[in-house]
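The exercises below ask you to work through a structure and to check each step of the solution against the coordinates.

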Amino acid sequence: MPMYRIIGFVLLASLVASVPASAGPWTQRKGQGFYKFGFGFVRATNYFEPDGTRIAIPTLSDYTFSLYGEYGVSDRLTAVAYIPFLQRLTLNRQIGRETGAVFFDGAATTRVADADVGIRLGLFQIGNTVASASLMAGLPLGDHTQPNGLYTGDGEFNQYLSVGIGHSFYPAPAYVAVQAGMNNRTKGFSDEFRYDAEAGYTVAGRLTLIAKLRGLEPLRNGDAATTGGTGGLYGNNQRYLVYAFEAAVAIRGGVGFSASVEGATRGQNILSAPAYSAGIFLRR
């Protein structure tokens with residue numbers, strides 16, 4: 001398999017289904033595309049407070065089904081879309097240990113979640129090193145009015161502008177990539193600086209092992225009264241450093257499968273629990 005195809009399939013297959021994520025600096029070739037059906041799952045019993053302290057919470061579960069697609073408008077311009085078309089959130093019943101009294105009957109909601117659409121523009125290529133810029137727009141399709149704070153969206157329109165650089169070690173089946181950018185949020189949410197880095201190595205031409213780091217730093221220029229729902233699913237002033245490990249397998253005919261797990265080394269205003277995801281992808 002040519003190295004550029006390995007790189008493309010790895011970066012695109014490494015999307016975490018529960019959250020919008022970078023697909024790296026490589027663009028699609030004109031007329032080619034990548035499409036993925038993904039599932040993400042989080043079950044949390046702990047939460048990172050604003051000061052970083054981890055506290056116990058009633059069990060909160062998040063099940064998200066998503067579609068992700070890229071299409072090469074030209075060799076330098078790629079259209080991108082991430083659509084979490086179904087997100088189910090559940091909050092467990094709360095019962096007193098000693099008395100058995102029910103303090104809260106539990107809650108659940110199933111809705112479409114906020115989506116992201118945008119473009120990636122190739123800036124330059126020098127040897128095996130490429131650079132690109134991406135502009136993604138967050139579409140507030142989710143619900144931000146659920147009575148128990150089980151939001152599938154934040155109700156605001158955001159814009160994320162980033163720049164990424166990637167390098168292929170061809171003929172060795174390995175790559176590294178870094179990306180950073182600013183997320184402009186509205187309606188009282190603080191703007192954010194986001195960054196990520198990853199490295200991958202392909203074994204036997206089909207199995208690619210990936211390690212990633214992903215971070216977010218808030219500018220704290222929003223309204224402190226704006227929260228973002230129960231458990232901070234779409235929270236304000238979030239801060240975290242996340243690590244992830246993934247395996248992606250190319251099967252045949254452009255079809256493949258990927259699975260990943262991620263966790264946080266530190267966090268503020270976010271859930272404290274492993275996030276699992278899996279997906280089936282098609283490259284045409």
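**Exercise 1.** In this predicted model, find which strand holds I280, and then work out which residues make the nonpolar surface patch of about 720 Å².

*Solution.* Begin with the secondary structure, where I280 is placed in strand β16, which spans residues 275-283. Next, collect the members of the patch: I280 is joined there by Y201, V203, L207, L209, V249, I251, V255 and F257. Finally, assign these residues to elements, which shows that β11 (192-203), β12 (207-218), β13 (239-252) and β14 (255-268) are the ones that give two or more residues to the nonpolar patch.

**Exercise 2.** Determine which residues make up the largest nonpolar core, and which element gives the most to this core.

*Solution.* The largest nonpolar core has ten residues in all, namely V42, A44, Y47, L60, L89, L91, A107, L150, L271 and A275. Two elements, β1 (33-48) and β3 (77-91), give two or more residues to this core, and β1 gives the most, with three residues. Apart from this core lies another, of seven residues, including Y68, V80, M136 and Y160. As a last step, take V42 as a member of the largest core and list what it touches when residues up to four places away in sequence are not counted: L60, S61, D62, L271, A273, P274 and A275.

**Exercise 3.** Decide whether S190 is buried or exposed, and describe what surrounds S190.

*Solution.* S190 is placed in the loop between β10 (174-184) and β11. Its relative accessible area is 1%, and because buried means under 20%, S190 counts as buried. The side chain of S190 reaches the backbone nitrogen of N221 at 3.3 Å. Leaving aside residues up to four places away in sequence, S190 touches R185, R220, N221, G222, N236 and N237.

**Exercise 4.** Examine the backbone for a cis peptide bond and for positive phi values in residues other than glycine.

*Solution.* Start from the general expectation that most residues other than glycine have a negative phi, and that most peptide bonds are trans. The bond from Y170 to P171 is cis, with omega near 15°, and P171 is found in the loop between β9 (158-168) and β10. R220, although not a glycine, has a positive phi of about 55°, and N237 likewise has a positive phi, near 55°. R220 lies in the loop between β12 and β13, which is also the place of N237. To finish, compare their accessibility: R220 counts as partly exposed at 47%, whereas N237 is buried at 15%.

Terms used:
Residues numbered from 1 in each chain as written. Predicted model: local features only at pLDDT ≥ 70, side-chain atom pairs only at ≥ 80, totals over all residues. Heavy atoms only, no water. Patch = residues over 30% accessible without salt bridge, like charges linked within 9 Å, V, L, I, M, F, W, Y side chains within 5 Å. Areas by Shrake-Rupley, 256 points an atom, 1.4 Å probe, with all protein chains shown as cover. Salt bridge = Lys/Arg side-chain N within 4 Å of Asp/Glu carboxyl O. Helix = DSSP H or I, 4+ residues; strand = E, 2+ residues; numbered from the N terminus. Core = buried A, V, L, I, M, F, W, Y, C linked by side-chain atoms within 4.5 Å. Buried < 20%, exposed > 50% of the residue type's maximum accessible area, 1.4 Å probe, protein only. Contact = heavy atoms within 4.5 Å. Polar contact = N/O pair within 3.5 Å; in protein donor to acceptor, adjacent residues only side chain to side chain.
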